[in-house]
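Student: I have a structure open and would like to go through it with you, one region at a time. Can I just ask things as they come up?
Tutor: Please do, and we can move from topic to topic as you like.

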Amino acid sequence: MSSPIPDQAGLVLEAFAAAYGGAPDGVWQAPGRVNLIGEHTDYNEGFVLPFAIDRSARVAVRARPDRRVRLASTYGREGVVDLGPDGITREAARGWTVYPAGVMWALRQRGVEVPGFDLVLESNVPLGSGLSSSHAIECAVAISLAELSGAQLSTEELVLLTQRAENDFVGAPTGIMDQSASLRATAGHAVFLDCRDQHAELIPFDAPAAGLTVLVVDTKVAHSHADGGYASRRAACELGAEVLGVDALRDVASADLAEARGLLDEVTFRRVRHVVTEDERVLRTVDALRSEGPAAIGPLLDESHASMRDDFEISCPELDLAVETARASGAVGARMTGGGFGGSAIALVPTTAAASVRDEVAAAFARAGYREPEVFSVSPADGARRLL
Ligand code: GAF
């Protein structure tokens, strides 16, 4: 007896049949994430605390007998993109196809014999929203191609492989937080990750049981990690570590900051101070969750936002307005999430106040003349897996 088709797979199966005819070998799914706290700490070998959200990318894939790669999505108008009989080059990949192409490239670089394949992507992680839409695609593609190639790759290896795709193919110098959340997450938990050695612990994060809801405010201000802002923050951190004589900013404690101030120029000092204090906030958040639960972490979220706005300078007026309005309307804490320069903020709000916070934020955006934001709740979901 065949097993029933999971609801979530219906759309991508239909699109697969329309694009290529027939059925795929399987359907794989990987979620986006919000980061509860720990921003721009991952590439400084520090700590992060993301959770996977209940929005995912799904890919339907069928291996081919040759090395041709064909890609299609439910996004839009490009139809089937044929990457050619043999090659995966950066030039041939356009728009979203750069993510599957990058993963394919990284697998082949690693010596995995990836067959050609036909793929359809469907995703409900809003693109460019700071919720890791690109890593959701990369992780879904990575687990599907690894399985179809018969490659046994550990989670640690998949994390580094997708990072390589992002860094060396897509051209975004990102760290390992997003794909770690997507690959490691478990429903009801946040992933406490030490980015130095990839040691991960699942921390229970049950906001509803505490009468709380996590709201996402997607400001609709598009951002890209391949733009200069992200890279320049990373460069400042590397400069700071070099001048301070440490391997990574993870090795600087807040007690060292007074001395660091005398050694660094003013801007680099503030970048360093953000990372050092943010690492400590992650540790304090984990302690607070363990000892008191979600209601206790509000002030840490607020401090994190202030540090990103003032020291790391990666917020924007729309993110600040979302955070301030959410707080003024009853949030226990709020902060921008992800790489910054646009994207989304999160607010931890009493569930009874969620609707009014959403309305207040929308009204404040309208008064300011900003684009209408999308405000929705998220809860910690399971990580990447085969659906079918
Ligand atoms: C983006 C990157 F992809 C992550 O690696 C991380 O650096 C994050 O920005 C900032 O914390 O999501």
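Student: Let's start with helix α2, then: how many residues does it have, and what does it reach from its first C-alpha to its last?
Tutor: Bear in mind that this is a predicted model. Helix α2, residues 98-109, has 12 residues and reaches 16 Å from its first C-alpha to its last, which is close to the 16 Å expected at 1.5 Å a residue.

Student: Is α2 mostly covered or mostly open?
Tutor: Mostly covered, since 10 of its 12 residues are buried. Among the buried residues of α2 are Val98, Tyr99, Met104, Trp105 and Leu107.

Student: And what do those buried residues pack against?
Tutor: The buried residues of α2 pack against two strands, β4 (69-73) and β6 (117-123), and against two helices, α3 (133-149) and α4 (155-170). Just after α2, Gly111 takes a positive phi of about 90 degrees.

Student: You mentioned β4; which strands is it joined to, and in what sense?
Tutor: β4 is joined to β6 by 5 bridges, and these two run parallel, whereas 2 bridges join β4 to strand β5 (residues 81-82) in an antiparallel arrangement. To locate the pairings on screen, look for Ser73, whose bridge partner in β6 is Leu121, and for Leu71, whose bridge partner in β5 is Val81.

Student: Why would you call β4 largely enclosed?
Tutor: Because 4 of the 5 residues of β4 are buried, the strand is largely enclosed by the rest of the structure.

Student: Switching topic, how is the protein divided into domains?
Tutor: There are two parts, domain 1 covering 7-202 and domain 2 covering 206-378. Their centres, taken over C-alpha atoms, are separated by 25 Å.

Student: How many residues are in contact across the two?
Tutor: On the domain 1 side 30 residues are in contact with 38 residues of domain 2. Strands β1 (26-35), β2 and β3 (50-63) each supply at least two residues of the side of domain 1 that touches domain 2.

Student: What about the largest nonpolar core, which residues touch the most other members?
Tutor: That core has 109 residues, and the ones touching the most other members are Val59, Ala140, Leu215, Ala326, Ala347 and Val349. Helix α3 gives the most to this core, with 9 residues.

Student: Where does this core lie relative to the two domains, and why?
Tutor: Domain 1 and domain 2 both give residues to it, so the core lies between them.

Student: Take Val59 from that list; what does it touch?
Tutor: Leaving out residues up to four places away in sequence, Val59 touches Trp28, Leu119, Val120, Leu121, Ala140, Val141 and Ser144. Apart from this core lies another one, of 9 residues, which includes Cys237, Ala241, Leu264 and Val272.

Student: Now domain 2's end of the chain: what order do the strands take in the open sheet of 4 strands?
Tutor: The order is β10-β11-β9-β12, with antiparallel pairing. Strands β10 (333-337) and β12 (374-378) stand at the edges with a single partner strand each, so one side of each is left without a neighbour in the sheet. Ignoring direction, neighbouring strands of this sheet are turned by 25 degrees against each other on average.

Student: How many bridges pair β9 with β11?
Tutor: Strand β9 (residues 212-218) and strand β11 (residues 344-350) pair in the antiparallel sense over 7 bridges, and one pair to look for is Leu212 with its bridge partner Pro350 in β11.

Student: Which helices sit on that sheet?
Tutor: One is α10 (residues 317-328), which packs on the sheet by touching β9, β10 and β11, with its direction at about 165 degrees to that of β10. Another is α11 (residues 354-368), which lies across β9, β11 and β12 and runs at about 20 degrees to β9.

Student: Last one: which strands does β7 pair with?
Tutor: Strand β7 pairs in the antiparallel sense with β2 (residues 47-48) over 2 bridges and, again antiparallel, with β8 (residues 199-204) over 6 bridges. Asp194 stands opposite His199 in β8, and in the hairpin of β7 and β8, with 4 residues between the strands, Gln198 takes a positive phi near 65 degrees. As for burial, β7 (residues 189-194) is mostly covered, with 5 of its 6 residues buried.

Note on methods:
Residues are numbered from 1 along each chain as its sequence is written. This is a predicted model: local features need pLDDT of at least 70, side-chain atom pairs count only at pLDDT 80 or more; totals for chains, interfaces and linings use all residues. Two strands pair if DSSP finds at least two bridges between them. Axes are lines fitted to C-alpha atoms, for helices over the stretch in contact, and angles run from 0 to 180 degrees between N-to-C directions. Two residues are in contact if their C-beta atoms, placed from the backbone, lie within 7 Å. The expected span of a helix is 1.5 Å times one less than its number of residues. A residue is buried if 20 or more other C-beta atoms lie within 10 Å of its own, exposed if 12 or fewer, and partly exposed in between; C-beta atoms are placed from the backbone. A nonpolar core is a set of buried Ala, Val, Leu, Ile, Met, Phe, Trp, Tyr and Cys residues joined through C-beta atoms within 7 Å. Domain bounds come from an automatic or database domain assignment.
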